[in-house]
Amino acid sequence: LFLGFITKSPGSYSKNINGKISFYIIKHTYYLMNVMLTKINTLGFMKAPRNTTVVVAMSGGVDSSTVAGLMKKEGYNVIGITLKLYDDAKSSKKSRQCCAGQDILDAKRVSQQLNIDHKILYYQKKFKKDVIDSFVDSYVAGETPIPCVQCNQTVKFKDLYSYAKEMKADALITGHYVNRIEKNGHAQMYRAKDLTKDQSYFLFSTTQEQLNFLRFPLGRKNKEETRKIASELKLNVADKPDSQDICFVPNGDYASVIKKYRPQSFQKGNILDIKDNIIGKHNGIINFTIGQRKGIGISHSEPLYVVGINSKSNEVIVGDRNALVVKKIFLKNLNILDEEQLIKNNLLIKVRSTGRLIKSKIKLTKKGAEVNLEEIETGISPGQACVFYLKDNFGDKILGGGWIVSAENNFLST
């Protein structure tokens with residue numbers, strides 16, 4: 001371009017320069033006018049929905065199907081993705097699970113009805129390795145695992161996030177009931193409007209990078225509103241029951257899954273009281289969880305609960321309800337979603353998905369965190385998650401959390 005300029009006469013050179021400057025000014029004025037006229041869309045992007053590509057994680061249920069329908073109705077370029085995670089050949093037609101064969105068919109039908117692209121990703125091997133094997137190992141170790149968190153942490157929000165990025169999508173949309181509020185370009189997670197459906201506990205391990213990319217359109221809706229929208233969109237899953245079972249655990253029978261993958265783990269052992277007296281026998285620690293009352297197989301003057309499981313000695317410890325009261329828990333593998341200094345303040349924690357918020361003091365350590373409970377809570381087990389919350393003007397903000405390694409009470413450590 002420069003050589004072209006210097007071959008022209010001084011007059012033509014000046015006209016050329018002036019012309020280019022004028023073109024530059026007009027071009028950028030037009031661009032700025034477009035920016036000023038363009039409204040921020042419902043997902044927070046400064047462009048029209050038709051120019052915004054979103055990947056919707058579709059499980060085949062009413063929530064994710066409704067989200068896909070909403071995105072389509074608002075004019076977004078929608079790509080539905082369904083994950084096939086496990087072999088469902090022997091699953092019951094009546095089981096209320098997700099990611100099974102029928103669910104994949106439902107997701108496909110909804111996509112066809114909405115006229116959106118739909119893809120199926122086959123992740124059975126990865127799901128087996130990262131979720132099922134981890135679940136089995138945790139139970140064999142005497143813990144109470146939460147495979148849904150592991151699934152979100154690995155397959156769903158890690159691999160699906162990467163796939164959505166490869167598809168050049170602007171956002172990954174899910175049907176989770178959780179609020180996402182963006183402040184100064186920084187996304188934060190809050191409990192959902194419908195606390196009976198709030199899923200923030202299961203999403204504590206979401207990274208900041210993932211959260212910035214994710215959107216949760218149902219966070220400010222209740223279940224009745226979701227089903228109403230699904231009916232208005234005439235989706236064939238509008239009345240479909242919610243999935244409740246863990247997808248690879250038929251009818252909630254955990255022992256059958258352990259027996260399938262680790263049959264050798266069913267070893268007989270002793271049942272002890274809190275004073276180390278042998279008071280009975282068991283057929284495998286796999287059959288017990290902390291806080292369990294029924295099925296212990298011991299007659300006693302007062303109700304007995306499982307208060308400890310020692311996988312090394314293959315022993316189950318039982319005691320009265322007072323022995324379940326936990327005062328301190330220790331965490332590993334923390335995920336922090338905000339400034340660490342906020343974690344040092346007095347916070348609220350949750351140790352089970354349907355549990356209450358508990359006042360606690362948290363001390364960060366090199367290995368994780370030490371949590372001192374200021375309210376009575378019982379039946380806390382290793383393998384569960386402990387999620388941190390902080391109340392502010394917008395609601396209950398999730399600051400992250402960690403995995404419970406051990407718990408202490410007046411009688412013993414688990």
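This passage walks through a predicted model, going from the overall make-up to the sheets, the cores and the aromatic rings.

To start with the broad picture, the protein contains 10 helices and 17 strands. Its chain runs to 414 residues, and 50% of them count as buried. Contacts often reach a long way along the chain: of those between residues at least 6 apart in sequence, 64% join residues at least 24 apart.

One sheet to look for is an open one with five strands, in the order β3-β2-β1-β4-β7 and with parallel pairing. Its edges are β3 (117-122) and β7 (214-215), each of which pairs on one side only. Further in, β1 and β2 run parallel and are joined by five bridges. One of the residues to pick out here is T53, whose bridge partner in β2 is N77. Over towards the other edge, β4 (residues 171-173) pairs with β7 in the parallel sense, this time over two bridges. There, I173 has R215 of β7 as its bridge partner. A helix goes with this sheet too: α6 lies across β1 (53-57), β2 (77-84), β3, β4 and β7, and runs at about 140° to β2.

Strand β2 deserves a little more time. Seven of its eight residues are buried, so the strand is largely enclosed by the rest of the structure. K84 lies in this strand, and what does its accessibility make it, buried or exposed? The relative accessibility of K84 is 15%, and since the cut-off for buried is under 20%, K84 counts as buried. Setting aside neighbours within four places in sequence, K84 is in contact with I104, I120, L121, Y122, Y123 and Q124. As for Y122, it sits 38 residues away from K84 along the chain, yet the C-alpha atoms of the two are separated by 5.0 Å.

A second open sheet has four strands, ordered β9-β8-β11-β10, and here the pairing is mixed. The edge strands are β9 (278-282) and β10 (305-310), and each pairs on one side only. On average, neighbouring strands of this sheet are turned by 30° against each other, direction ignored. In the middle of the order, β8 (residues 269-272) and β11 (residues 315-319) run parallel, with two bridges between them. L272 is matched with I317, its bridge partner in β11.

Next come the nonpolar cores. The largest has 51 residues, and the members that touch the most others are I81, L83, L85, F127, F135 and F248. Helix α6 (residues 147-166) supplies the largest share of this core, with eight residues. There is also a second, separate core of 27 residues, whose members include V67, A68, L70 and L235.

Some of those names return among the aromatic rings. Across the whole structure there are nine aromatic pairs. F135 and F248 make one that is edge-to-face, with 5.2 Å centre to centre and 85° between the planes. This pair links distant parts of the chain, 113 residues apart: F135 belongs to helix α5 (residues 124-140), while F248 is in the loop between α8 (223-232) and α9 (254-261). Both F135 and F248 are buried. F135 also pairs with Y254, in a tilted arrangement at 6.0 Å centre to centre and 40° between the planes. Why does this pair tie together distant stretches of sequence? F135 lies in helix α5 and Y254 in helix α9, so the parts being joined are 119 residues apart in sequence.

The two partners in that tilted pair are not equally covered. F135 has a relative accessible area of 2% and is therefore buried. Y254, at 33% relative accessibility, counts as partly exposed, because that class takes in whatever falls between under 20% and over 50%. Put together, ring pairs link F127, F135, Y139, F248 and Y254 into a cluster. F127, F135 and F248 from this cluster are also among the residues that touch the most other members of the largest core.

One last ring contact involves a charge rather than a second ring. R191 lies over the face of Y389, at 5.9 Å from the ring centre.

Definitions and conventions
Residues are numbered from 1 along each chain as its sequence is written. This is a predicted model: local features need pLDDT of at least 70, side-chain atom pairs count only at pLDDT 80 or more; totals for chains, interfaces and linings use all residues. Side-chain values use heavy atoms; hydrogens and water are left out. Two strands pair if DSSP finds at least two bridges between them. Axes are lines fitted to C-alpha atoms, for helices over the stretch in contact, and angles run from 0 to 180 degrees between N-to-C directions. Rings of Phe, Tyr and Trp (its six-membered ring) pair if their centres lie within 6.5 Å; planes under 30 degrees apart count as stacked, over 60 as edge-to-face and the rest as tilted. Buried means under 20% relative accessible area, exposed over 50%, partly exposed in between (1.4 Å probe, protein chains only). A charge sits over a ring if NZ of Lys or CZ of Arg is within 6 Å of the ring centre and within 35 degrees of the ring normal. A nonpolar core is a set of buried Ala, Val, Leu, Ile, Met, Phe, Trp, Tyr and Cys residues joined through side-chain atoms within 4.5 Å. Contact means heavy atoms within 4.5 Å.
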